[in-house]
Amino acid sequence: MVTYIIRRLIWAAAMLTIVSIVTFAIFFLVPRLAGATPESLATRYVGRTANAEQVKIAAEKLGFYDPLVVQYGRFAKGIVAGSEYDYGPGVEQCPAPCFGYSFLTRLPVWPDLLDRVPVTMSLALGAAVIWVLAGVATGVVSALRRGSFFDRAAMTIALGGVSLPIFFTGMASLVVFSYGYPFEITAPGGSFTPFFENPVDWAYSLILPWITLAFLYAAGYARLTRAGMLETMNEDYIRTARAKGLAERTVVLKHGLRGALTPILTIFGLDVGLLLGGAVLTESTYSLPGMGKYAIDAINSQDLPKVMGVVLFAAFFVVVANLIVDLLYAVVDPRVRLS
């Protein structure tokens, strides 16, 4: 078991390194291949009003004339140990993890990300609880009542949930439940209250985004759980458990559902990791000040350090989520501990 955990930790560290290399290549190597020069890259750091000499000096101070390997080493060092950020007019101390300074605000990116993480985490984790409970429960009941009216209705709704885009269901939900008389029972978009400030207002401001986002994911989990349960409930060990006289509830939950959890854990780790990196469409639809909306605003304003920060932060969440899933495999499936 210890060896298994060590292997997974090494894999996670290697994956984060690879992601940082790929991210650096996308934002610095690809523009070079497309014809960008050190001067054109430095223009964003000094502003459009700077003359050619000022741009050249800024490019030298930023190290854009150095080989790409050296630039990546400086980039990686900034993330791990911090660095000095010299954009021309002055030198700024950027503490670790340093993702650079915004082109527009001249402020470090990392504190901006930390300000938006609570919003995205609240949205992702709250929706995850709803979609797992609703999706898995619906899938189990559908599998046990295969061919019934409930089964057909649940799978039809699940198909609709998977097919409808989040911006459609989000806008429709706002029209009906936030702005539509006589309902008006949920908070309108754009409002968020921190949990420790007022837990009731926190839940009230997020209940509609939670349900909207959970509806999209719960549909897939219901279909996957149903398929897994139909497969596991026909296994020999299930018949053996029933032959021993175990209660049907024990057979279903302890033996049947446990065998069907492995693929659910896999996609759950990916889904939560991606959402913690920024639920772009949901946050944009409801105007929530999370990482997803932060990324959209950065792309629209072409603020490169902000975009890079969100990409690396999202990659970190995905890798950590998959690491946790790998460790949970050893709990759910004893065969993993022996491999």
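Start by selecting leucine 281, which you will find in helix 11. Keep in mind as you go that this is a predicted model.

Now widen the selection around Leu281. Add Ile157, Leu164, Phe167, Phe168, Phe215 and Val280, and together with Leu281 you have a nonpolar patch on the surface. The accessible area of these residues together comes to about 630 Å². Two elements give two or more residues to the patch: helix 7 (166-178) and helix 11 (280-286).

Next, colour the stretches that the UniProt record, an unreviewed entry, lists as "transmembrane region": 9-30, 123-144, 156-182, 202-224, 259-281 and 310-332. Two of them are good places to pause. Select residues 123-144 and you will see a chain that is 100% helix and 0% strand, with the end C-alpha atoms 32 Å apart. Then select residues 202-224: here too the chain is 100% helix and 0% strand, and the end C-alpha atoms lie 31 Å apart.

From there, turn to the second largest pocket, with a volume of about 330 Å³. Show Leu16, Ile79, Phe99, Leu312 and Phe316, the residues nearest its centre among the 13 that line this pocket. Which helices should you display around them? Helix 1 (2-33), helix 4 (68-81) and helix 13 (304-332) each supply at least two residues of the lining, and helix 4 gives the most, with four residues. Try colouring the lining of this pocket by residue type: twelve residues are nonpolar, one is polar and none is charged.

For the last stop, look at charged side chains. The structure holds six salt bridges. To view one of them, select aspartate 236 and arginine 239, whose side chains meet at 2.3 Å, N to O. Why is the separation between these two about one helical turn? Aspartate 236 and arginine 239 are three residues apart in helix 9 (residues 236-243), so about one helical turn separates them.

Conventions: Residues numbered from 1 in each chain as written. Predicted model: local features only at pLDDT ≥ 70, side-chain atom pairs only at ≥ 80, totals over all residues. Heavy atoms only, no water. 1 Å grid on protein atoms, 1.4 Å probe; cavity = no way out; pocket = protein on both sides within 12 Å on 5 of 7 lines; lining within 4 Å. Points joined across faces, edges and corners; volume = space filled by probe spheres on them. Nonpolar A, V, L, I, M, F, W, Y, C, P; charged D, E, K, R; others polar. UniProt positions renumbered as here; feature names shortened; annotations may be inferred. Patch = residues over 30% accessible without salt bridge, like charges linked within 9 Å, V, L, I, M, F, W, Y side chains within 5 Å. Areas by Shrake-Rupley, 256 points an atom, 1.4 Å probe, with all protein chains shown as cover. Salt bridge = Lys/Arg side-chain N within 4 Å of Asp/Glu carboxyl O.
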